[in-house]
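Welcome to the tour! Open your viewer, keep the selection tool at hand, and follow along one stop at a time.

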Amino acid sequence: MNEHVIIIGGGIIGLLSGRELLARGRAVTIIDRGDLRNSASTGNAGVISPGHAPIPTPEVAAKAIRMMIDPRSPLYIPPRPSLSLLRWLLSFRRACRPAHFKMSSEVLDRFSKLSRERFEPLIDECPEALQPTGFADIALTQQGREHLDHEAERLAKSGFNVELRTGDQLRRDDDSWSDDVIGGLVQHDGIVARPDELLVHLARRFEAEGGTLRTNATVETVHRDNRRFESIELVDGERIGGDTLLVTAGIWSSELARDLDIRIPMQAAKGYHLMIEMDTPPKMASVLSEACIVVNPMGKQVRLAGTLELSGINDRMVQRRLDMLPKATSRYLPGVRDASHHSTWNGLRPCTADGLPVIGPVPQMDNAYLATGHAMMGVTLGPGTSQLIADCIDGEMLPDWAQPMHVERFH
Ligand SMILES: Cc1cc2nc3c(=O)[nH]c(=O)nc-3n(C[C@H](O)[C@H](O)[C@H](O)COP(=O)(O)OP(=O)(O)OC[C@H]3O[C@@H](n4cnc5c(N)ncnc54)[C@H](O)[C@@H]3O)c2cc1C
């Protein structure tokens, strides 16, 4: 009988890892408590951005205090009495140091290149959901343009294909940009996704390739016998046994990891999206640099996605923060003022304090693994993650460059 791998979590990381493990001859069951239509993996902005910097940067450290107290800031931390948040913030502050930023950017650059290569067959498989058109970062202010100049230099040095454009050049190609836009950075390696369609496609393929998908099934407990994972137990008491466990449950992975005696400190960074319909949508997916909002045209509708709010694990919608999306976007794209609003959504990014994902075997266990903590880059790093975690399950070590992402680092 084939080794049976149980995966908890059918987001982008679980589905891609599941397919990779099937391709390597395992029997795979993915268990998800939802219907795969409402995770961070479906509602995200849909920009696959190789070379994206980690969240903790020296620049963020300089702005941290203002951000903590300003509810209009794209990164907002409403004050709340939480020891775990305080500890996380202290570690985050340390991770903003230039030496850590250099190390973590190098890891993520390498990781996103691996992932970008592995997107190629997926683009062929599902062109409706993945388009390798690139995307642009757009600046309104002098400070924003300087940031893009700096990013262009950093990305080019790391071997990414980028190009700076003036505001006039951008408007020549697309007159929906406002006269206030003064520059942009086109990232040609970028891929634009329709995340909802991508997830449906991955789930269908996973099942067609022989995987078992159990939706609307919540894992309550992970059972083990000392060093060996044995089974998972669902809320209704059903037990499902397996030879190997892989936890890819996004922000909820920390809770499940407790059953494995491992601490994975993460904070949930809530983000929102608003679907609108515009008469003249922008031609290219773009990141509005100062506002930290992504604009992704999807057929007749446009997804505005952004904000990063550390307010715990909940799905509370704060109207004021949602309203910031069209308001801030209209400074770049005046047509947004006349747009009709369709649906709203929020979801949680799983964020470690050091800005790196958590990938690899669980220490002190013989057959349990984790792949989580992808923060703002879960889609971007998904295909690379599936390779690294499947290599680990095959018995290989993480390669040297990926060592900073190992699971034991929090102990
Ligand atoms: C607004 C926003 C914009 C974003 N934009 C981008 C972007 O442009 N590009 C990019 O690369 N990334 C982006 N991200 C980040 C990206 O969406 C995440 O990093 C990624 O989706 C995380 O994937 P995941 O599979 O780890 O977790 P999730 O997508 O959260 O999936 C985890 C799954 O585990 C299931 N689960 C949890 N607990 C249990 C349990 N006990 N039993 C059974 N099932 C369980 C959940 O139901 C869920 O389906 C964005 C995120 C947000 C919120």
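In which strand is Val47 found? Select residues 47-48: that is strand β3, and Val47 sits in it. Keep in mind as you look around that this is a predicted model.

**Stop 1: Val47 and its surroundings**

Show the side chain of Val47. Its relative accessibility is 14%, and because buried means under 20%, Val47 counts as buried. Now add Val192 to the selection. The two are 145 residues apart in sequence, yet their C-alpha atoms are 5.0 Å apart in space. Leaving aside neighbours within four places in sequence, Val47 is in contact with Phe135, Ile191, Val294 and Thr380, so display these four as well.

**Stop 2: the largest nonpolar core**

In soluble globular proteins, nonpolar side chains tend to be buried together. To see an example here, select Leu130, Leu246, Leu388 and Met405: of the 47 residues in the largest nonpolar core, these touch the most other members. Among the elements that give two or more residues to this core are β1 (4-8), α1 (12-23), α8 (195-208) and α11 (382-393). The largest share, seven residues, comes from α5. Try colouring domain 1 (4-42 + 197-264 + 355-410) and domain 2 (48-81 + 127-190 + 266-352) separately. Both give residues to this core, so it lies between them.

Zoom in on Leu388 next. Beyond its neighbours within four places in sequence, it is in contact with Phe111, Leu114, Ile359, Leu398, Pro399, Trp401, Ala402 and Met405. There is also a second, separate core of 29 residues, including Ile251, Ala268, Val362 and Phe410.

**Stop 3: two crossing helices**

Select α5 (98-125) and α11 (382-393). At what angle do the axes of α5 and α11 cross? They cross at roughly 100° and come within 6 Å; the two helices are therefore roughly perpendicular to each other. Where they meet, look for Phe111, Leu114, Ser115, Arg118, Phe119 and Leu122 in α5. Facing them in α11 are Gly382, Pro383, Gly384, Thr385, Ser386, Gln387 and Leu388.

**Stop 4: a three-stranded sheet**

Finally, select β11, β12 and β13, which form an open antiparallel sheet in that order. The edge strands, each pairing on one side only, are β11 (219-225) and β13 (239-241). On average, neighbouring strands here are turned by 25° against each other, direction ignored. β12 (residues 228-234) pairs with β13 over three bridges. To find one of these bridges, pick Glu233: its bridge partner in β13 is Arg239.

Technical notes:
Residues are numbered from 1 along each chain as its sequence is written. This is a predicted model: local features need pLDDT of at least 70, side-chain atom pairs count only at pLDDT 80 or more; totals for chains, interfaces and linings use all residues. Side-chain values use heavy atoms; hydrogens and water are left out. Two strands pair if DSSP finds at least two bridges between them. Helices (H or I, at least four residues) and strands (E, at least two) are DSSP runs, numbered from the N terminus. Axes are lines fitted to C-alpha atoms, for helices over the stretch in contact, and angles run from 0 to 180 degrees between N-to-C directions. A nonpolar core is a set of buried Ala, Val, Leu, Ile, Met, Phe, Trp, Tyr and Cys residues joined through side-chain atoms within 4.5 Å. Buried means under 20% relative accessible area, exposed over 50%, partly exposed in between (1.4 Å probe, protein chains only). Domain bounds come from an automatic or database domain assignment. Contact means heavy atoms within 4.5 Å. Angles under 35 degrees count as roughly parallel, over 145 as roughly antiparallel, 65 to 115 as roughly perpendicular and the rest as oblique.
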